[in-house]
Amino acid sequence: MFLTAALLLGLAVLGIRVWAIQMEFVDISKDLDYFVVSVEFAVAWFNSGNTEEQAYKLLEVRRAQQKSWTMIYLMELDLGRTICKKHDEDIDNCPLQESPGERKRSLVGYSPWGSRVRHR
């Protein structure tokens, strides 16, 4: 009985925490100046930490959210693998690779400080 009550209490606390985290972020415009700079930073950070030689560039911003009362952003980005190397000058105008299996990656993370960016 005690184990069941503890399990139910734990699930209730977890559910409240998940709901609170989702409520902390609000949708924002993808054109907001600080968000645009944060997206550029996240893509550059992704390219610098990526082990591949080719660079990725931004294809689409799927989600743009900001944590209430902060400059912390939650973003979901589609990136395309280019034929250019990571350290080339003009990655934005570089063509994408043709092989469809390697073209896109989703990047989800917090920014502008970049410590919690993950990709899938």
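In this predicted model, V39 touches L58, M75 and L77, leaving out residues up to four places away in sequence; contact here means heavy atoms within 4.5 Å. Residues are numbered from 1 along each chain as its sequence is written, and side-chain values use heavy atoms, without hydrogens or water. Local features need pLDDT of at least 70 and side-chain atom pairs count only at pLDDT 80 or more, while totals for chains, interfaces and linings use all residues.

V39 is a good place to start, as V39 is among the residues with the most contacts inside the largest nonpolar core, together with F35, M75, L77 and L79. This core has 13 residues. A nonpolar core is a set of buried Ala, Val, Leu, Ile, Met, Phe, Trp, Tyr and Cys residues joined through side-chain atoms within 4.5 Å. Buried means under 20% relative accessible area, exposed over 50%, and partly exposed in between, with a 1.4 Å probe and protein chains only. Two or more residues of the core come from each of α2 (33–49), β2 (54–67) and β3 (73–85), and α2 gives the largest share, 5 residues. Helices (H or I, at least four residues) and strands (E, at least two) are DSSP runs, numbered from the N terminus. In soluble globular proteins, nonpolar side chains tend to be buried together.

The two strands of this core also meet each other. β2 and β3 pair in the antiparallel sense over 10 bridges, where pairing requires that DSSP finds at least two bridges between the strands. Within this pairing, L58 stands opposite L79 in β3. The hairpin of β2 and β3 has 5 residues between the strands, and W69 takes a positive phi near 65° there. Of the 13 residues of β3, 11 are buried, so the strand is largely enclosed by the rest of the structure.

T82 belongs to strand β3 and is buried, with a relative accessible area of 0%. The side chain of T82 reaches the backbone oxygen of A55 at 2.7 Å, and a polar atom of that side chain lies 3.3 Å from the backbone nitrogen of C84. Beyond its neighbours within four places in sequence, T82 is in contact with several residues, including I91, C94 and P95.

C84 and C94 lead to the disulfide, a pair of cysteine sulfur atoms within 2.5 Å. The whole structure holds 1 disulfide, formed by C84 and C94 with their sulfur atoms 1.8 Å apart. C84 lies in strand β3 and C94 in the loop between β3 and β4 (104–111), so the pair ties together parts that are 10 residues apart in sequence. The torsion about the S-S bond is about 105°, so the disulfide is right-handed. C84 counts as buried at 15% relative accessibility, as does C94 at 2%.

Technical notes
Polar contact = N/O pair within 3.5 Å; in protein donor to acceptor, adjacent residues only side chain to side chain.
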